[in-house]
Amino acid sequence: MSFLKPKTHIEQGDVVILYLSVNSMHAIEAVPEIINKKGETIPHIFQTNFGSLKVENIIGAEYGSRVELSRGWAHVLQPTPELWTQTLPHRTQIIYTPDISMILHQLEVRPGAVVIESGTGSGSLSHYFLRALKPTGHLHTFDFHQTRADQARDEFRRHGLADFVTVYHRDVCNLGFTEELDGQADAVFLDLPAPDLAVPHAFKALKLSGGRFCSFSPCIEQSQRCIQELTKLGFNEIVSMEVLQQESVVKTRTLPVIDLEFLKLPKSDETTTTTTSAANAEECKAPKEVKKYLTSSNPQVLPGHTGFLTFATLPPNIPKA
């Protein structure tokens, strides 16, 4: 129930993020016992690079506190969609925070909104949708795969989010989003191999007062076909974009300061003067001091392509057959 609202202490059954370092985090369930592969009930012992954790000991601990491991320590954090994205069990490839932030902004997801999502996948984006539309909104999420739909439904229940989401096992490209959802959605999001096939169903699902549409596609050809269907159905403000997160590496650099005063010396044809000038020049060129500068540069490795986001707006009062 740890996703439902902010909490101060860990309760039995909570999903907890065990934070070892920025690159080493684990999502664990705070239960004292688990059932092993042989069907036996055993104490819940979680193994990490810094030793083992007896999970029973963290029940009742304060979120954000430090817990002892057998060969070190870690922090226990309350899960957020951002932390869950980094620790969730991958049933499919997932969408990450840079793309998700743009999706939430462009779809104008807010408390009270009704959002349709297909497909559910590993539920990464679903948790962001749910945080944005609670407590009065609702998420309708669809997946073609029966097992993934069942796993997602059980996951939302364990996270305390079942009241705000309905999970469907359905082929939306051929069957649509059910008649009950026609004209009910404020926004529709598609993450499908052929999003153009589901665009007519998204058109029917959006409210008569209009709404926003988004499709995530790894290939530009998918985005192109999607845009063609959107144009046919009267969508406007159609735009396709790629979100690339680029970090600025800020460092303090120490650089020598060279005195260039020797350049101001007058020229002379006399040998003595030339020799003196050369000696002075060598003396002036020697660094006499150093200065510190705050610099910014690009990282050595830049993030690669994830996918194309296609957004569109359905204007109000568009006739629907």
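A nonpolar core is a set of buried Ala, Val, Leu, Ile, Met, Phe, Trp, Tyr and Cys residues joined through side-chain atoms within 4.5 Å. The views below show a predicted model.

**View 1. The largest nonpolar core of the predicted model.** This core has 33 residues. Ile103, Leu107, Leu125, Phe129, Leu130 and Phe189 have the most contacts inside it. Two or more residues come from each of the helices α2 (97-107), α3 (124-133) and α4 (146-158), and likewise from the strands β11 (165-169), β12 (187-190), β13 (211-217) and β17 (308-314). Helix α3 gives the most to this core, with five residues.

**View 2. Surroundings of Leu125.** Leaving aside residues up to four places away in sequence, Leu125 touches Ile95, Ile100, Ile103, Glu117 and Phe189. Of these neighbours, Ile103 and Phe189 are, like Leu125, among the residues with the most contacts inside the largest core.

**View 3. A second nonpolar core.** Separate from the largest core, this one has 23 residues. Ala202, Ala205, Leu206 and Cys226 are among them.

**View 4. Packing of helix α6 against helix α7.** The axes of α6 (residues 195-205) and α7 (residues 220-232) come within 8 Å and cross at roughly 30 degrees. Angles under 35 degrees count as roughly parallel, and α6 and α7 are therefore roughly parallel to each other. The crossing of α6 past α7 is right-handed. On the α6 side, Pro195, Asp196, Val199 and Pro200 make the contact; on the α7 side, Gln222, Arg225, Cys226, Glu229 and Leu230 do so. By type, the contact residues are five nonpolar, one polar and three charged. Cys226 of α7 takes part in this contact and also belongs to the second core.

Terms used. Residues numbered from 1 in each chain as written. Predicted model: local features only at pLDDT ≥ 70, side-chain atom pairs only at ≥ 80, totals over all residues. Heavy atoms only, no water. Axes fitted to C-alpha atoms, helices over the stretch in contact; angles between N-to-C directions. Helix = DSSP H or I, 4+ residues; strand = E, 2+ residues; numbered from the N terminus. Parallel < 35°, antiparallel > 145°, perpendicular 65-115°, else oblique. Left-handed = near helix turned anticlockwise from the far one by under 90°. Contact = heavy atoms within 4.5 Å. Nonpolar A, V, L, I, M, F, W, Y, C, P; charged D, E, K, R; others polar. Buried < 20%, exposed > 50% of the residue type's maximum accessible area, 1.4 Å probe, protein only.
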